[in-house]
Amino acid sequence: MKIDGSVAVVTGAGSGIGRSIAAGLASAGASVVACDIDAASAADTAAMIGGVAATADAASTDGIATLLDTARGTFGPVDIYVANAGITGQLGLGDDEAAWDRIIDINVRAHIRAAKALVPEWLERASGYFVAVASAAGLLTQLGAAPYSVTKHAAVGFAEWLAISYGDKGIGVSCVCPMGVETPLLRGMTDSPDADMRVAAAAVTSAGAVIGPDAVAALVVQAIVDGTFLVLPHPEVLTMYRQKGADYSRWIAGMRRYQRTLR
């Protein structure tokens, strides 16, 4: 995918990884719609990168339609869509059914709904690029938080399916799976008054270096150019993933031990 001259939409662009990806795409020559549910944050990002802000719920069909209409009306048809918006959700089994629905909507259905809106026109043009920002938790797991782990696994699975189904038809897909990144989301977990939430954060921060969002964004931009599917800002995740696949039972036993040390 040629980024220079393209039109890109980035969700969750008000801060963290989303803001850095929006800036990276703009620097590479894309016209960017910075979306966030927080209007002020979206406006700040748009002003910083010379793009356009859009305030919408990127998990809803209507919100996605608003984003795409904003992009088309301002810049033209969307070439690149970065599904970055995400939440941590509840701890443990996530007893609140409404909270399960919410995290599934934001972390998974947002990707599905965006793809359903974009893939038909991308097929007509034989061109388009979808970036799913998932997590290392989607390849491994997230200690202490079933909703986050489950939805990130689902995001990886959906990205795989898109890449397999449409890769021969001009549509590119990248799936981004970082561990610890210095973002408001991770800071909120680390500083939480809830001890279980702090353990969940420690599971991330103790597993590897906490990197800046700009480092993630640089890899994402390069992945779009190169057509790379799996983006691993923490290379050690690949080793962990291979160990998991090589001996699943041993890996689970090791994760139990790791959990005990954190507690």
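These are my notebook entries on strands, helices, buried residues and salt bridges in a structure that is a predicted model.

**Entry 1: strand β1**

I began with strand β1, residues 7-10, and looked up which way its side chains point: Val7 and Val9 face one way, Ala8 and Val10 face the other way, and all of these residues are buried. I noted beside this that side chains in a regular strand alternate between the two faces of the sheet.

I then asked which strands pair with β1, and in which sense. With β2, residues 31-36, the pairing is parallel and runs over four bridges, and there valine 7 stands opposite serine 31. Between β1 and β2 the chain passes through helix α1, residues 16-27, and I recorded this β-α-β crossover as right-handed. With β4, residues 80-83, the pairing is again parallel, over three bridges, and the bridge partner of valine 9 in β4 is tyrosine 81.

**Entry 2: histidine 111**

Next I turned to histidine 111, which lies in helix α4, residues 97-125. Is this residue buried or exposed? Its relative accessibility is 2%, and because the cut-off for buried is under 20%, histidine 111 counts as buried. I listed its contacts, leaving out residues up to four places away in sequence, and found Ala83, Phe130, Ala132, Val133, Ala155 and Phe158.

**Entry 3: helix α7**

In helix α7, residues 195-205, I looked for buried positions and wrote down Met197, Val199, Ala200, Ala201, Ala203 and Val204. What covers the buried residues of α7? The cover includes α6 (184-190) and α10 (248-262).

**Entry 4: salt bridges around arginine 72**

I went on to the salt bridges, of which the count is six, keeping in mind that side chains of opposite charge can pair when their charged atoms come close.

Arginine 72 forms one of them with aspartate 69, where the closest N and O atoms are 3.6 Å apart. Both residues belong to helix α3, residues 61-74, and because they are three residues apart, about one helical turn separates them. I looked up the accessibility of each: aspartate 69 has 48% and counts as partly exposed, and arginine 72, with 34%, also counts as partly exposed.

Arginine 72 also meets glutamate 121 in a salt bridge, with 2.5 Å from N to O. This pair links distant parts of the chain, since glutamate 121 sits in helix α4 and arginine 72 in helix α3, 49 residues apart. For glutamate 121 I noted a relative accessibility of 17%, so this residue counts as buried.

**Entry 5: a salt bridge within α4**

Within helix α4 I looked at aspartate 105 and arginine 109, which form a salt bridge with their closest N and O atoms 2.9 Å apart. How far apart are the two residues along the helix? They are four residues apart, which means a separation of about one helical turn. I set beside this that an α-helix has 3.6 residues a turn, so residues three or four places apart point the same way. At 23% relative accessibility aspartate 105 counts as partly exposed, and arginine 109 is partly exposed as well, with a relative accessible area of 33%.

Last, I checked which salt bridges share partners, and found that Asp69, Arg72, Asp79, Glu121 and Arg125 are joined by such bridges into one network.

Methods. Residues are numbered from 1 along each chain as its sequence is written. This is a predicted model: local features need pLDDT of at least 70, side-chain atom pairs count only at pLDDT 80 or more; totals for chains, interfaces and linings use all residues. Side-chain values use heavy atoms; hydrogens and water are left out. Buried means under 20% relative accessible area, exposed over 50%, partly exposed in between (1.4 Å probe, protein chains only). Two strands pair if DSSP finds at least two bridges between them. A crossover is right-handed if, with the strands pointing away from the viewer, the path from the first strand over the helix to the second runs clockwise. Contact means heavy atoms within 4.5 Å. A salt bridge is a side-chain nitrogen of Lys or Arg within 4 Å of a carboxyl oxygen of Asp or Glu.
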